[in-house]
Amino acid sequence: NKEKKLKARVEQTLKELKSSEQNYRHIFDNVHDGILIHDAEFNIKSANPACAVLTGYPLEELNRSKILQLLPQQSQLDLKSTEDNLVRNKGTDCAMQAKFIKKDNSEVFINLSVNPIFSENKSVNFQCTAHDVTERKRMEENLHYYLKEVTRAQEDERKRISLELHDETVQYLIVLWRQLETLSQKNT
C-alpha cells in the first residue's frame, strides 16, 4: 500500500513536471522578446525563435554560436562585468543596454536582462532576454536632432529680428539727426 502511494505520488510529480516543462517551452517559444541561454564560456545552449528574428541568425546557427559574437566589444565587456557581478554577489537579475550585431552586420539596440541560473549554489548558465528598442532609440535620436534644429532656427530668427530692429532704430536716429541739423542750420 505504501509502495502504491509512493508510486502514485512519483507519477503525479512527473506529470506536473512535464506540464510545467510544456508551459515553459510554450512561453519560451512564443514570447516576443529574444531569449537565449548560455553557459559560463558564453556558448549558446538554447535560443528562442524571437531571438533568431532579432539577430537574423537561424536557430540552428545560434545554438552553435557564442553570445559574444552577437555583441560589439563594449557590450561584450559590459555583459562579462554584469555576469561576474551577479555570480559574485549571488544576484538574481540585472538589466543593461547593449547592441546586437545582426547576421547582416546591422545593429539592433536592446535592453538586455541577464539572469543567472544557479545549481547547487553555483552559476552554471545565464538566461538573457533581449527587448528590441531600436525604433525607440532612433525616435529619440530624431527628436534630439529636431529639437536642436528648432533651437537653432529660433536663435537665427532672434538674431534676424535683433538686426532688423537695430537697423530700423539706427535709420530712425539718422533721420532725426539730419532733421535736427536742418533745423539748427535754419535757426542760425
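**A walk through the model, starting at Ser75**

Ser75 has a relative accessibility of just 6%, so it counts as buried. That value, like everything else here, comes from a predicted model. Let's stay with this serine for a moment and then work outwards.

Ser75 sits in helix H4. Its side chain comes within reach of the backbone nitrogen of Lys99, at 3.3 Å. Set aside the neighbours up to four places away in sequence, and the residues in contact with Ser75 are Met96, Ala98 and Lys99. If you look up where strand E3 runs, you'll find it at residues 94-101.

Now take in the helix as a whole. H4 covers residues 73-88, which makes 16 residues. From its first C-alpha to its last it reaches 22 Å, close to the 22 Å expected at 1.5 Å a residue. Which residues of H4 are buried? They are Ser75, Leu79, Thr82, Glu83 and Leu86. Around the helix axis they cover an arc of only 95°, so they end up on the same side of H4. Turn to the other side of H4 and you meet Gln73 and Arg88, which are exposed. Just after the helix, Lys90 takes a positive phi of about 55°.

Phi values deserve a short detour. Most residues other than glycine have a negative phi. Lys90, with its positive value of about 55°, has company in this model. Phe42 isn't a glycine either, yet its phi is positive, at about 75°. You'll find Phe42 in the loop between E1 and strand E2, the latter being residues 44-47. Asn105 is another residue other than glycine with a positive phi, near 75°. Its place is the loop between strand E3 (94-101) and strand E4 (107-119). Are these two loop residues buried or exposed? Phe42 has a relative accessibility of 13%, under the 20% cut-off, so it counts as buried. Asn105 comes in at 64%, over the 50% cut-off, so it counts as exposed.

From Phe42 it's a short step along the sequence to Asp39, which belongs to strand E1 (residues 34-39). Asp39 counts as buried, with a relative accessibility of 8%. What does its side chain reach? The answer is the backbone nitrogen of Asn43, at 2.9 Å. Beyond the neighbours within four places in sequence, Asp39 is in contact with Lys45, Val124 and Asn125.

Next, go back to strand E3, where Gln97 lies. Gln97 counts as exposed, at 53% relative accessibility. Being exposed doesn't leave Gln97 without partners: not counting residues up to four places away in sequence, it touches Ile110, Asn111, Arg136 and Lys137. Pro116 is 19 residues from Gln97 along the chain, and the C-alpha atoms of the two are separated by 17 Å.

Aromatic rings come next. The structure holds two aromatic pairs. In one of them, the rings of Tyr145 and Tyr146 have their centres 5.5 Å apart and their planes at 65°, which is over the 60 degrees required, so this pair is edge-to-face. Tyr145 is partly exposed, with a relative accessible area of 44%, while Tyr146 is exposed, at 52%.

Finally, step back and look at the whole protein chain. How many helices and strands are there? There are five helices and five strands. Read along the sequence, they follow the pattern α-β-β-α-α-α-β-β-β-α. The radius of gyration of the chain is 33 Å, well over the 16 Å that the globule rule gives for 188 residues, so the chain is more spread out than a compact globule. The dimensions can be given too: along its principal axes, the C-alpha trace spans about 135 × 35 × 30 Å. Of the 188 residues, 25% count as buried, and among them are Ser75 and Asp39. Among the contacts in the chain with a separation of 6 or more, 42% come from residues 24 or more positions apart.

Definitions and conventions. Residues numbered from 1 in each chain as written. Predicted model: local features only at pLDDT ≥ 70, side-chain atom pairs only at ≥ 80, totals over all residues. Heavy atoms only, no water. Phe/Tyr/Trp six-rings, centres within 6.5 Å; stacked < 30°, edge-to-face > 60°. Buried < 20%, exposed > 50% of the residue type's maximum accessible area, 1.4 Å probe, protein only. Helix = DSSP H or I, 4+ residues; strand = E, 2+ residues; numbered from the N terminus. Expected span 1.5 Å × (residues − 1). Arc of directions from axis to C-beta. Polar contact = N/O pair within 3.5 Å; in protein donor to acceptor, adjacent residues only side chain to side chain. Contact = heavy atoms within 4.5 Å. Rg over C-alpha atoms; globule rule 2.2 N^0.38 Å.
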